[in-house]
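Open the model in your viewer and keep the selection panel at hand. The stops below go from one selection to the next.

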Amino acid sequence: MGLFFNQIRQMKELEWRLQALESELVQLKMAQKTRDIQWQAQISDLKLQITEEAKNLIEQAQFQINDKAYQRDVEFVDIEMMMCEMRFPGNKTQWEAFRELHKGERCIIIGNGPSLHAEDLQRLHEKNICCFGSNRIHLIYPQTDWRPNYLMCLDSKVLEHSFEEISQVDFAGTWFFPCTAFTEGGHVAERNAVYFPFKYRNPFPIWFPNDPSRIIHEGMSVTYALIQLAYFMGFSNIYLLGVDHFYSTKIDENGRKVMDSDAQSHFTKDYLPPGSIENSPQLETVESAYHSALDFSRSHGFEIFNATRGGALEVFPRVSFDELLSQWE
């Protein structure tokens with residue numbers, strides 16, 4: 001009997017030892033898992049740190065490149081502005097006079113998209129709201145009493161085929177043309193015109209200039225240039241209307257991607273002159289430019305909103321045009 005009980009006791013001891021070993025193994029596995037998680041977290045943190053450091057180095061390098069490019073562009077544009085000054089004495093003084101002319105005020109930048117309606121422009125006229133227009137916006141004049149306070153045209157193709165037309169339209173406000181319109185295109189506006197510092201080449205990534213009075217970047221969009229102009233003038237709230245951010249395109253006989261003049265990408269189907277060739281819209285570049293404007297506005301005390309009815313532009317916060325006007329004092 002004693003032998004039997006000894007065997008039973010030994011079996012129990014083995015069972016307890018086995019349970020203890022299993023418990024220890026579970027604890028070891030849990031500890032290993034914890035260490036693995038900690039190691040993975042450390043590795044992730046290290047990767048993130050390396051990524052952030054690499055990103056910072058890239059940003060610093062890009063800033064240095066952009067800074068050098070900016071200085072070079074400013075020097076080049078300064079020469080072109082001097083050429084404008086020789087042909088149009090007082091142009092520089094006129095340009096500088098717009099700095100913070102509308103400090104703290106609100107304005108609306110009018111796009112030429114298909115969502116733009118004369119009825120909305122008439123309402124802007126009735127409230128005497130300061131507005132910017134561009135290019136061939138005069139085609140909508142017969143339908144409304146509205147007229148913009150400021151106009152801009154900078155697209156080389158539009159200047160090529162429409163400069164004489166747009167510069168002869170009766171307009172009491174101020175036309176803004178890029179200095180290159182004169183120095184490279186030979187376009188001379190004799191009245192109500194100011195030539196501003198501008199260069200077609202875009203920095204990459206596109207960044208909003210700290211001082212648009214020295215140079216305005218293209219961003220493949222006259223709306224982007226107008227945002228820079230509005231900031232230069234001191235507007236604190238900038239609203240977009242009729243900026244649909246959409247163009248119908250086609251491939252021409254030379255295999256180039258161009259705007260489809262048969263499709264309606266503007267407020268009127270007759271917007272493009274017959275036989276004209278427009279620069280191909282590059283919406284990704286335009287959107288990148290808009291993002292740079294949004295980022296800059298958030299750190300420089302002004303705001304940009306999209307009051308367009310519909311459209312595809314979602315970079316800027318949207319506001320209702322009707323609600324905006326109902327609250328506009």
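The tour of this predicted model starts at one strand, moves to its partners, and ends at cysteines.

**Strand 1.** Select residues 106-110, which form strand 1. Four of these five residues are buried, so the strand is largely enclosed by the rest of the structure. Side chains in a regular strand alternate between the two faces of the sheet.

**Strand 8.** Add residues 237-241, which are strand 8. Strands 1 and 8 are paired in the parallel sense, with five bridges between them. To find one point of contact, label Ile108 and look across to Tyr239, which stands opposite in strand 8.

**Strand 2.** Now select residues 131-134, which are strand 2. Strand 2 runs parallel to strand 1, and two bridges join them. Keep the label on Ile108: its bridge partner in strand 2 is Cys131. Ile108 is thus a handle on both pairings, with Tyr239 in strand 8 and Cys131 in strand 2.

**Helix 3.** Show residues 118-126, which are helix 3. Together with strand 1 and strand 2, this helix makes a β-α-β unit, and the unit is right-handed.

**The cysteines.** Return to Cys131. Is Cys131 buried or exposed? Its relative accessible area is 0%, under the 20% cut-off, so Cys131 counts as buried. With a limit of 2.5 Å between sulfur atoms, the count of disulfides is zero. Cys131 is in no disulfide, and the nearest cysteine sulfur belongs to Cys130, 6.7 Å away. For the last stop, select Cys153, which is buried at 0% relative accessibility.

Conventions
Residues numbered from 1 in each chain as written. Predicted model: local features only at pLDDT ≥ 70, side-chain atom pairs only at ≥ 80, totals over all residues. Heavy atoms only, no water. Buried < 20%, exposed > 50% of the residue type's maximum accessible area, 1.4 Å probe, protein only. Helix = DSSP H or I, 4+ residues; strand = E, 2+ residues; numbered from the N terminus. Pairing = 2+ DSSP bridges. Right-handed = clockwise from strand over helix to strand, strands pointing away.
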